[in-house]
Structures are given as C-alpha cells and as structure tokens.
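Here's a quick briefing to read alongside the coordinates. We'll go through empty space, packing, one loop residue and confidence.

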Amino acid sequence: MPRSQPSPATPDVSGQTFDAAADAAGVRKSPFVPVIPAGGAGTRLWPLSRRSRPKFLLDLTGSGRSLLQQTLDRVLPLADRPPLIVTGTTHAAEVAEQAAGRARVLAEPSPRNSMPAIALAAAVAEREDPGAVIGSFAADHLVGDDEAFAAAVDRARAAAEKGYLVTLGITPTSPATGFGYIEQSAAGGPPGGAGEHGGERAQADLAGTGARPVAQFVEKPDRERAEAFLATGRFFWNAGMFVVKAAVLLDALAVQIPALAAGAREIAAQGASADALARIWPSLTAIAIDHALAEPLAAQGRVAVVPADFAWDDVGDFAALARQLRAARADGPAAAQAEDDVVALGGARVLAAGSHATVHGASDRLIALVGVQGISVVETEDVLLVIADERAQDLGALVRGLDEAGLGDLG
C-alpha cells in the first residue's frame, strides 16, 4: 500500500515512521493496528488439527508457511503499529515463535469467543493511541490476492474514519451454505434502522469510500435461500473481517454489553498483565462479534461493507482444503492428470487407479487407492481417517465424541 515519505518520528513495525504532526494535520489516516484472533480447535480438520496444535499453526497447503504466518505476512505491510495476536495461553509460546518478533501476543486465559478477544486488542490499541483504527482478520483463513486484500482494507479504513464498523464482504462465487451472508442496502433504501446514520445519511457518509451500508447479517442459509441471495446481487459472504476505530468499537460495546467493554479497558489499563487477565477475563461475556456488535449496529445503520473480489476460503473442512489444493495445482506444472486426480501432501507415497482423492500422509508408507471418488485420506502417527468430502461437515460430531469414547487424548 503506498505511503507518503515520513519525516523523522517514531519507527513503526514495518520499519517506516509515523509522524504525529502530519497525522494531526490530516496528511495521513489514523494509525492502523492489525488484530489477529487465533483461536478455535478446527475440529473438522482432525486429526491434522488438534486441541494442542490447532489449524492456524499448521501449514495445510504445503506453502512452507502456517496459516497464521500467511495471515501475518499479509497484514504486516498495512500496519502502522505491531499487529496484536490474541490466542490462548496453551498456544501463546508457539504463536510467539511463529510470529518471530513481528507481532505482540496477548494470551487469553480461556476461550470466550471472538468479541472479548477483539475487544481486548482494541482496548490495548486505544490505550496506546486513542485514534487507532484496528482491523480484525482471522488467523486461519486463506486469501488469494494480497494486493486486492490491501486495496479493500484501504477502502475499509476510509469508511472506518467516518465512525462505521466496516466489514469486508466476499463476492460469492456459488450459493454456499457453509458461510454467513451480509446484505447491502438496496440503492437509496434504509440500511436497516432509522438511526442518525441510517438511510440517505449513510449513503452520503460513505460516498467516495467504496463502502456501502449494510442492511443485515444472515446466518448460514439452506441451498434455496443461498440461491435467492445470489439472485439479488446484494449479498456477500461474511468472512469475519472487521475494520473500525478502536474507540468506536469499545464505545458501541459499552452500550450493548457494558461490562465487557469496561473489563477489556480495565485489562488494557493494567498493561494486559497476567494478573489482570486472570482476575477479569473469566467475567467477560463469551459472545461472537457478529451477535455482540455487527447485528445490532447494522439495525442502527452503523455498519458498512466493502465488496472484496479476492479469492477467500476459511478452510473449514477437508472438502474446502481439497478444493484449495486443487486450485493451487491447477496453476502449477502438475495440473494435468490422466485417469486419476490425486493430490498428495506429506511423506506418503500414493498409487491410484480410477480415483479422485486428497491424501495427507505423515509417513512414507504406500497408500494405494482403487476406484474411490471424492475422498480425503489423512494419516498421522496415531490416527488414520478416511472421509467422503461430501460429508466433511460431519467430522466435527465424531471429534466431539472422542472424550465419551475414552479417546480424549487423540482430540
């Protein structure tokens, strides 16, 4: 992302400088602080992803970089301050090792969903720079075009400067039922509520930013509703990417869930110390940012969406992973396959006849496939999984049953 030449001032994380006087004069935008929530167990990618080593720490695509490292690589060029990674205490050491000094790690004592994690990072950013704009980007998603991503974030920052909670909406390529959706307001219509930012006011506010008012957020639909959404041309996939002024987020949260906002600010005021986190964190409401802020603020006309055309995937299950691996191969020298369509990662040797499969192998043992279609084979040191890609979403239920089956050590 282009930047103007800095005058002598405070060094930022990218090695550039941030001139407070120039910022005050409006030459630059408010400083941007990327936030990376790194949580979740990734149960639908078990046994590759485990409680002790979740998917954001893994190199699932054979790139040589974990999903977390790819996310950090993507946001660092946009940052005016070191990114903030919020993760569990169990994973904090490995997260810090993978970040290699390029980000600050905030260790949450227990998982409490996305809103407390993002609020904590926002409070730290606000404490250090009251005008900071944060951008929250999940640690375990794939983005296909870093330049298009940077351009979308730049547009989102412009809308955030106007006091909106801004989300990046992924242009849908199919009527997917595994994602939530964002509906932009119909041209000239009210974006949900009748608040002071509603209706034509929001349209005028956002003019020139590339952002559009949001009418509503919709949970994962069935196939029929998803097809209807695409037919309107007003819906985007919800990738869970949010850009907003830290103070705007916390002030809005103080109205919706006062104790959560106050708790996050109190932790930040005490330097996000282990003691403050241990005392205050367990009392914070466990809730997703969509339910805590995005949905109620959309009803007030205070949420905007920036259409984003880059390829994106949350890599939520083995079917999604297989799709991504094939897309990558299609651009490479191994694109052509004859009768068989098998993608193999790891050390496994594969022989196939009349098969369509993805193989993740931890050893060099031979895996032979004959006449199997649309499956993933996952071999680790202690588990062999064979799963039909069309049933990939069902794997989570099996993993949840491990404890009951006396196999909790494998989770």
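A cavity here is a set of grid points where a 1.4 Å probe fits but cannot get out, and its volume is the space filled by probe spheres set on those points. Keep in mind that this is a predicted model. With that definition in hand, the largest cavity holds about 50 Å³ of space.

**Cavity and pocket**
- How many cavities of 30 Å³ or more does the structure hold? Just one makes that cut-off.
- The walls of the largest cavity come from T71, R74, F137, A138, H141, V143, F149 and M241.
- Sorted by class, that lining is five nonpolar, two polar and one charged residues.
- Moving on to open space, the second largest pocket comes in at about 310 Å³.
- It takes 16 residues to line the second largest pocket, and L48, L58, D59, L60 and H360 are the ones nearest its centre.
- Two strands, β14 (341-346) and β16 (356-361), each put at least two residues into that lining.
- The class mix for the second largest pocket is six nonpolar, six polar and four charged residues.

**Nonpolar cores**
- The largest nonpolar core counts 49 residues, and M115, I134, L249, L253 and L293 have the most contacts inside it.
- Helix α4 (residues 114-128) gives this core its largest share, ten residues.
- What does M115 touch once neighbours within four places in sequence are set aside? Its partners are L249, L253, L260, I287, A288, I289, A292 and L293.
- Another core, of 48 residues, lies apart from that one, with V95, A152, A176 and V306 among its members.

**A look at D140**
- You'll find D140 in the loop between β6 (133-136) and β7 (142-143).
- Is D140 buried or exposed? It counts as buried, because its relative accessibility is 13%.
- Beyond residues up to four places away in sequence, D140 is in touch with G39, K55, F56, L67, T71, D314 and V315.
- D140 and G316 are 176 residues apart along the chain, yet their C-alpha atoms are separated by 9.0 Å.

**How far to trust it**
- Mean pLDDT for the protein chain is 88, with 88% of its residues at 70 or more.
- Residues 1-28 stay under 50 in pLDDT, and the model gives them 51 contacts beyond four places in sequence.
- Residues 332-338 also have pLDDT below 50, with five contacts in the model beyond near neighbours in sequence.
- Where pLDDT is low, the predicted coordinates shouldn't be read in detail.

Key: Residues are numbered from 1 along each chain as its sequence is written. This is a predicted model: local features need pLDDT of at least 70, side-chain atom pairs count only at pLDDT 80 or more; totals for chains, interfaces and linings use all residues. Side-chain values use heavy atoms; hydrogens and water are left out. On a 1 Å grid over the protein atoms alone, a cavity is a set of points where a 1.4 Å probe fits but cannot get out, and a pocket is an open set with protein on both sides within 12 Å along at least five of seven lines; lining residues have an atom within 4 Å of a point. Ala, Val, Leu, Ile, Met, Phe, Trp, Tyr, Cys and Pro count as nonpolar, Asp, Glu, Lys and Arg as charged, and the others, Gly among them, as polar. Helices (H or I, at least four residues) and strands (E, at least two) are DSSP runs, numbered from the N terminus. A nonpolar core is a set of buried Ala, Val, Leu, Ile, Met, Phe, Trp, Tyr and Cys residues joined through side-chain atoms within 4.5 Å. Buried means under 20% relative accessible area, exposed over 50%, partly exposed in between (1.4 Å probe, protein chains only). Contact means heavy atoms within 4.5 Å. pLDDT is the predictor's confidence in each residue, from 0 to 100.
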